[in-house]
Amino acid sequence: MGIGTRTRIGYSFGSLVTGSFSTVPGLLLLPYLTDTLGVPGAIAGAIVLLPKVWDVVFNPIAGRLSDASLVCHGSRRPFLLFGGLAVAVLFAGIFAHPGFGDTALDAGYVMVLYLLCATAFGLFQVPFNALPAELTDSYGERTRLTSWRMGFLAVAVLLAGGGAPGIANGIGGVAGYRVMGVVIGLVILLGAVLMVLGIRDAPVGRRRPGAQGWRDLVSTMRRWRAFRRLVLAYSVQALGLATLLAGVSYASRYVFGDPAVQTWLFAGFVLPALMTMPLWPRIGERQGKLWGFRAACITFGVACAGLCAALVLPVGVSFVFVALAGVGYAGIQVFPLAIMPDLITAEEERTGETRAGVAAGVWTGAETLGMALGPGLFGLVLGIGGYVSSVDGVVPQPGSAVTAIVLGFSLLPGALVLLGLPLLRRDVLEGR
């Protein structure tokens, strides 16, 4: 069953929610805590990490609740609307700066609001990831739908990644963060509302009898080998991508010699991904989703291998490899999210029971874990290389630290992405 352009666009508007929430806190929450609220670095780091750890636990629960809603009411739309509205309001609240006059109270306020916002985001993101299995049963249509979604996501990440810091720094101080929080909150609100409206006339799942208890669902996951392999491959690759992104700031300063290069590295990675996003579904239709997924992994790996020589290559050549990594990144995002609905459909047909929500919850939790561990892994590489920390900005680094930055920014992410290749066997597509 195919779906129209309106439904594709409507569904893809949800990426304004996921892209904004996934990007802005990673860029601005830590400096907001340390440089505006005066929270010590270690405590600020814990505040940023805690909701991500909670996501790993909560997302499968959100999936189970979403499945129960589908069984009882025949729709996941209430979760999407409530979750999206709550994310918008709570996001603005995170950066509202309560001004209690006490650092501990201010930090506690941010921690509670961020934890609540992450919970609301789980209520939105999990059914959002479950919907492709229910909007269409067409093998090729699911790849096209995912491509549209990832295209919107690339735009959202580009706009949020550039716009939010621009607003916060342009206005400056507490007011800058407050205005930024409201603006991004409105973007999230717009994305959630347009998505729910865009899919209102589309099929959003079928009622299936007998939603199971937790023990039965755990047993299902234990037997669902194809899904486990796909989740493991994607989570390891998410770790690699997060490690690369964590290294962008360090590479711009100590490899390319200019902190301003960070913006160009970000754009040089995201823009090629956006431009090539429509090409990957065509490759998937001609060669198959699994072949396309493997090709994307290899493309990313080759690009990262080229970046290993960034210290001796002309800057322009390094940016060619950055662009190539963006091309591979696009495929790595499209194909696993296009294969997952096929596996869900096969499992639901086999069991006769709803699986999309809990599968999306496990998937989202694994992805969140990989993305959360990436910065820590890069930090470990910096420590091994003898990186010198400072409160005064850029300071001279030993050669071992610069080498660690290069390898953590290139070789390590490429190796992690390629590590998923042995898991991408034929039975992943067959759902066994």
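**Exercise 1.** Is G399 buried or exposed?

*Solution.* The model is predicted. Start with the location: G399 lies in helix 17. Next, take the relative accessible area of G399, which is 51%. The cut-off for exposed is over 50%. Therefore G399 is exposed. To place the residue further, take G386. The two glycines, G399 and G386, are 13 residues apart in sequence. Their C-alpha atoms are 9.0 Å apart in space.

**Exercise 2.** Find which helix supplies the largest share of the largest nonpolar core.

*Solution.* Begin with the core itself. The largest nonpolar core holds 61 residues. F227, L230, F293, F300, I332, W363 and I405 have the most contacts inside it. Now list the suppliers. Helices 7, 10, 11, 12, 14, 15, 16 and 17 each give at least two residues of this core. The largest share is 11 residues, and helix 15 (315-351) supplies it. Another core, of 45 residues, lies apart from this one. V17, V39, I184 and V196 are among its members.

**Exercise 3.** Which residues does F227 touch, leaving out those up to four places away in sequence?

*Solution.* Apply the sequence filter. The partners of F227 are then M221, M340, L343, A359, V362 and W363. Of these, W363 is also listed with the most contacts inside the largest core.

**Exercise 4.** What should helix 14 span at 1.5 Å a residue, and how many of its residues are buried?

*Solution.* Helix 14 (289-307) has 19 residues. The expected span is 1.5 Å times one less than the number of residues. That gives 27 Å for helix 14. The end C-alpha atoms are 27 Å apart, so the values agree. Now check burial. In helix 14, 14 of the 19 residues are buried, so this helix is largely enclosed by the rest of the structure.

Terms used:
Residues numbered from 1 in each chain as written. Predicted model: local features only at pLDDT ≥ 70, side-chain atom pairs only at ≥ 80, totals over all residues. Heavy atoms only, no water. Core = buried A, V, L, I, M, F, W, Y, C linked by side-chain atoms within 4.5 Å. Buried < 20%, exposed > 50% of the residue type's maximum accessible area, 1.4 Å probe, protein only. Helix = DSSP H or I, 4+ residues; strand = E, 2+ residues; numbered from the N terminus. Contact = heavy atoms within 4.5 Å.
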